[in-house]
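User: Hello! I am new to this structure and would enjoy a close look at a single part of it.

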Amino acid sequence: MGTPDFAVGSLKQLLEAGFKVVGVITAPDRPAGRGRKLQESAVKQFAVKHQLKVLQPTNLKDEAFLKDLKSLDANLQVVVAFRMLPKVVWQMPAHGTFNLHASLLPQYRGAAPINWAIINGETETGVTTFFIDEKIDTGNIILQKGANIRPEDNAGDLHDRLMELGAHLVVDTCKQIEAGTVSLQKQDESMELKPAPKIHKDTCRIDWNSSMMDIYNHIRGLSPYPGAWTELVNDGKAEPMKIFRTKMETSEHDYIVGKLVVGKKSLKVAVKEGYLNLLELQLPGKRRMQVNKVLNGLNLEKEAHLR
């Protein structure tokens with residue numbers, strides 16, 4: 001059971017490991033892009049290519065879906081980046097249902113663990129498999145594997161590494177369940193827990209009054225998707241602008257926070273401890289570009305700033 005690219009890695013590894021995948025449950029096709037054409041999920045595209053049976057329920061409690069699910073006669077369900085399951089679904093197979101989560105639980109429970117780990121400046125994260133229960137991301141842990149977060153990693157880099165790491169963990173988990181050697185561990189909730197809620201547009205707005213490191217982490221934690229944004233104030237107009245990659249430069253200056261400083265091939269923004277060099281941007285109606293290409297067609301007045 002899964003929908004985005006992150007789930008494809010696990011499905012691929014399960015097939016390569018020789019497990020019999022009797023069915024794939026994924027989200028219904030959705031309109032996407034400017035033409036609003038129906039788009040199949042990444043998991044469905046992979047499943048169809050490999051001639052796997054696909055179910056796409058809109059309602060997980062629908063009687064027809066439950067009947068179809070039961071008819072698959074699965075003895076184990078594997079969930080990777082899907083949605084919250086009703087009890088009637090997760091308790092159906094003899095060996096239960098386990099989930100792959102992109103953090104070291106109990107830390108970063110929620111919809112966006114990869115983004116929040118980077119936004120919060122973590123240097124370590126990982127992947128966890130756990131048996132699903134009534135609450136979100138709270139079930140007993142089966143296996144965990146840690147991973148380093150490098151200072152230059154963005155959410156896309158970490159996503160790809162955890163997808164690979166998680167896929168192997170899913171296979172190892174299935175092997176342990178099959179062999180009956182699983183050793184469960186309760187989640188330790190005695191520590192301070194950091195959540196990973198869904199990312200909203202407001203979450204993505206850059207606060208230039210934050211510390212340089214916090215802004216740097218915020219931008220890379222939302223890159224390449226959905227993208228951190230700010231407003232470019234230039235020539236009396238304010239337009240939204242997305243920023244995907246920056247480099248920190250510690251320095252003293254007298255500029256107001258948010259002031260844009262333009263060089264021949266550089267564009268940097270003044271922050272409390274120095275400057276953030278802007279390396280990749282996206283202006284309204286344009287594609288994502290390197291800053292030197294943006295500067296060619298951008299006339300910035302003396303008072304131009306970000307807010």
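Which residues of helix α2 (residues 42-49) are buried?

Analyst: Happy to help. A word on the ground rules: this is a predicted model, in which local features need pLDDT of at least 70 and side-chain atom pairs count only at pLDDT 80 or more, while totals for chains, interfaces and linings use all residues. Residues are numbered from 1 along each chain as its sequence is written, and side-chain values use heavy atoms, with hydrogens and water left out.

Now to your helix. The buried residues of α2 are Val43, Lys44, Phe46 and Ala47. Here, buried means under 20% relative accessible area, exposed means over 50%, and partly exposed lies in between, with a 1.4 Å probe and protein chains only. Looking down the axis of α2, you would find these buried residues within an arc of 165 degrees, so they line one face of the helix. That arc is taken from the directions that run from the helix axis to the C-beta atoms.

What does this face meet? The buried residues of α2 pack against α1 (5-16), β1 (24-25) and β4 (54-55), where contact means heavy atoms within 4.5 Å. Just after α2 comes Gln51, which takes a positive phi of about 55 degrees.

It may help to place α2 in the whole chain. There are 9 helices and 15 strands; helices (H or I, at least four residues) and strands (E, at least two) are DSSP runs, numbered from the N terminus. The C-alpha trace spans about 70 × 50 × 30 Å along its principal axes. Of the 307 residues, 48% count as buried. Among contacts between residues at least 6 apart in sequence, 65% join residues at least 24 apart.

For another buried spot, turn to Ser103, in the loop between β6 (97-101) and α5 (113-119). Ser103 has a relative accessibility of 1%, so this residue counts as buried. Setting aside neighbours within four places in sequence, Ser103 is in contact with Tyr108, Pro113, Thr125, Gly126, Val127 and Thr128.

Finally, a look at cysteines. Cys174 is buried, with a relative accessible area of 5%, and Cys204 also counts as buried, at 4%. A disulfide is a covalent bond between the sulfur atoms of two cysteines. With a disulfide taken as a pair of cysteine sulfur atoms within 2.5 Å, the count comes to 0.
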